[in-house]
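Dear colleague,

I am handing over the structure below, and my notes on it follow. Please read them with the model open beside you.

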Amino acid sequence: MADFHFLRPLWLLLLLVIPALYLVLRSKGTGNSGWSGLIPEPFLSPVIRRYGGVSQKPGSRLFPAISAVVILAIALAGPAWREAPTPLKKPGDSLVIVLDLSLSMLATDLEPDRLTRAKRKIRDILTVREGSLTGLVVYSGDAHVVTPLTDDSNTLAGMLNVLDPVIMPAQGNRSDLAIAKASTLLEQGAPGEGRILLITDDVPDRYTGPILDSLAGTNHTLSTLAAGTRDGGPIPLAKRGFIRDNGNIVIARTDPDRLAELARDTGGTSHELTLDDSDIASLNLSPEESDEWQDTDSGLTINRWKDDGYWLLWLALPLLLLGWRRGAFTAMALILLPAIPQPAAAMDWDSLWQREDQRAPELIQQDASNAAKVLKSPDWRGSALYKAEQYEQAAKAFAATESSLADYNRGNALAKAGKLEKALKAYNSALDRNPDMEDARVNRQLVEDLLNKQKEESSQKQGDSSESSENESDQSQQQGQSEAQEKPGEESPAKAQQSERSNTSDPEPGKEEAQAPAPVSETPLSQSQEQSLRRIPDNPGGLLQRKFLQQYQERQTPPDEGDTPW
């Protein structure tokens, strides 16, 4: 028992309720019902005893209530005195989300549009699947991997903001290519039986066969999440109006029955996109519901203190029932209610209905400076500060989160603030966490080029300074010999000698200090450096677009003649 301690010692503060409970029950036990001031005691006491008012002894009320509070406080504090080996486990459920990025996902039958609702749903799925492996594949005329299987949900969620049909190199509905690529990701070492979730508005019949062939012979199941309505909606394009076919506005409709049939044929389930989490529950996307947990390493365990406080709950149960019957815990509830802390932070109306990650983009878009004061998450607060051009504060906010995406954003903020050396370290940290993060690798190269260019400009300034001193000396010598006549293109011997002497002469007092180059510093930045910094993207959208285009050109995916561009 030398190692006896409490795992949650703050629960022992519950013992402070005992004195107040004692005083309340003591005052109730005196029998003062309020009539004693109006009715004499000889007439009042027989009535109270007859109808069972409060004639019970105080001890009969105090003992069960106080004993229950003591036992509960000790049990909740988590008494522990022994360690037990516990195997390290993690969710063995692997899921690849396949998102349709065709133009039909911009249809407005779901507000604000299908794609926005789908990305919000993916964020909800990532929240439910915290700690489990999840990947993301997008497709239109071709399929591309956004993130491989990873348990870093922050990186995946950060990519969702830039996903848009405009970044795709070719338009179409090649869901068969996307399912094949998702199956390949699962075959590359996914623990457990991998699952694929297809979020789309429709799968053409001609692609059903190739999808079934891709999943044949594997343990991968395909579930579908229908984005859209049966009535459908038009597809708006920025500054172009609605998409038309032969002069008629295209109405993109969703067929949930076809998607459900495809899911049944592949061993999965299907559901329509909803505002709540009923679709996530129906598709069993939570890793806890899959009941597949894998050891992190074979036979790897860790000693943890065992909480033995639950044994005391069996002793407290009869005392709780007895105290409740006699009204003791009603009095304790009245004591504790005023002590419950109330939230001091001001809340706006939207915060009652939306999580911070749902309303943060709109707040940042409306007023980034105010959003930085309202948002609590370091990532969202850093994004708001970055948008407000408060780059140093944004870097400090991103530093509070340990993830590859946070390091990448911190590097961008430091680069914008002119802290190039620190930005380089942030990009290196992001690549250490996620070596496949192409955005961080490209930006790191840009910053390295800027540092090299800064050193070259410093050396060039030193050379320009010496040349400037020589030119000024030459000009003074030319003015002194203005009367001498020379042929064009020739130099007189006297002038040549004077020019040679000027190269070795000391500059005028004050000239050297004024023309000396500034020491190499990260700030302030020159105009050329500012222009180079503008090349650093604020988000990975442009990098994804170039990456997808390069992949599309390398594969030379032939277009499907029967496919539609939307």
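A cavity, in the sense used here, is a set of grid points where a 1.4 Å probe fits but cannot get out, and a residue counts as lining when it has an atom within 4 Å of a point. Please keep in mind throughout that this is a predicted model. The structure holds one cavity of 30 Å³ or more, and the volume of the largest cavity is about 40 Å³. Its lining consists of Leu126, Arg129, Ser132, Thr134, Thr150, Asp151, Asp152, Ser153 and Leu156, which by residue class are two nonpolar, four polar and three charged.

As for the chain as a whole, there are 566 residues, of which 39% count as buried, and the secondary structure comes to 23 helices and 18 strands. Among the contacts with a separation of 6 or more, 75% are between residues 24 or more positions apart. The accessible surface comes to about 32,100 Å², with 52% of that area belonging to carbon and sulfur atoms.

Thr134 of the cavity lining also belongs to strand β6, where it points the same way as Leu136 and Val138, while Leu133, Gly135, Val137 and Tyr139 point the other way, every one of these residues being buried. Because seven of the seven residues of β6 are buried, this strand is largely enclosed by the rest of the structure. Its partner is β5 (residues 94–100), where seven of seven residues are likewise buried. In β5 the cover extends to both faces, with Ser94, Val96, Val98 and Asp100 on one side and Leu95, Ile97 and Leu99 on the other. The two-sided listing follows a general pattern, since in a regular strand the side chains alternate between the two faces of the sheet. Strands β5 and β6 (residues 133–139) run parallel and are joined by seven bridges; within this pairing, valine 98 stands opposite valine 137, and isoleucine 97 has leucine 136 as its bridge partner.

The second largest pocket may also be of interest to you. About 430 Å³ of space lies in this pocket, and 21 residues line it, with Val146, Asp436, Met437, Glu438 and Lys547 lying nearest its centre. The elements that contribute two or more residues to this lining are β7 (143–150), α5 (153–160), α19 (438–480) and α23 (541–555), and the largest share, six residues, comes from β7. By class, the lining of the second largest pocket divides into nine nonpolar, six polar and six charged residues.

Finally, there are three points of backbone geometry that you may wish to look at in the model. The peptide bond from glutamate 111 to proline 112 is cis, with omega near -5°, and proline 112 sits in the loop between β5 and α4 (114–128). Asparagine 284, although not a glycine, has a positive phi of about 55°, and its place is in the loop between α9 (278–282) and α10 (287–290); with a relative accessibility of 39%, asparagine 284 counts as partly exposed. Glutamine 556 also has a positive phi of about 55° without being a glycine, and this residue lies in the segment after α23, where glutamine 556 is exposed at a relative accessible area of 64%.

With kind regards

Definitions and conventions:
Residues are numbered from 1 along each chain as its sequence is written. This is a predicted model: local features need pLDDT of at least 70, side-chain atom pairs count only at pLDDT 80 or more; totals for chains, interfaces and linings use all residues. Side-chain values use heavy atoms; hydrogens and water are left out. Helices (H or I, at least four residues) and strands (E, at least two) are DSSP runs, numbered from the N terminus. Buried means under 20% relative accessible area, exposed over 50%, partly exposed in between (1.4 Å probe, protein chains only). Contact means heavy atoms within 4.5 Å. Accessible areas come from the Shrake-Rupley method with a 1.4 Å probe; for residues, only the protein chains shown count as cover. On a 1 Å grid over the protein atoms alone, a cavity is a set of points where a 1.4 Å probe fits but cannot get out, and a pocket is an open set with protein on both sides within 12 Å along at least five of seven lines; lining residues have an atom within 4 Å of a point. Grid points are joined across faces, edges and corners, and a volume is the space filled by probe spheres set on the points. Ala, Val, Leu, Ile, Met, Phe, Trp, Tyr, Cys and Pro count as nonpolar, Asp, Glu, Lys and Arg as charged, and the others, Gly among them, as polar. Two strands pair if DSSP finds at least two bridges between them.
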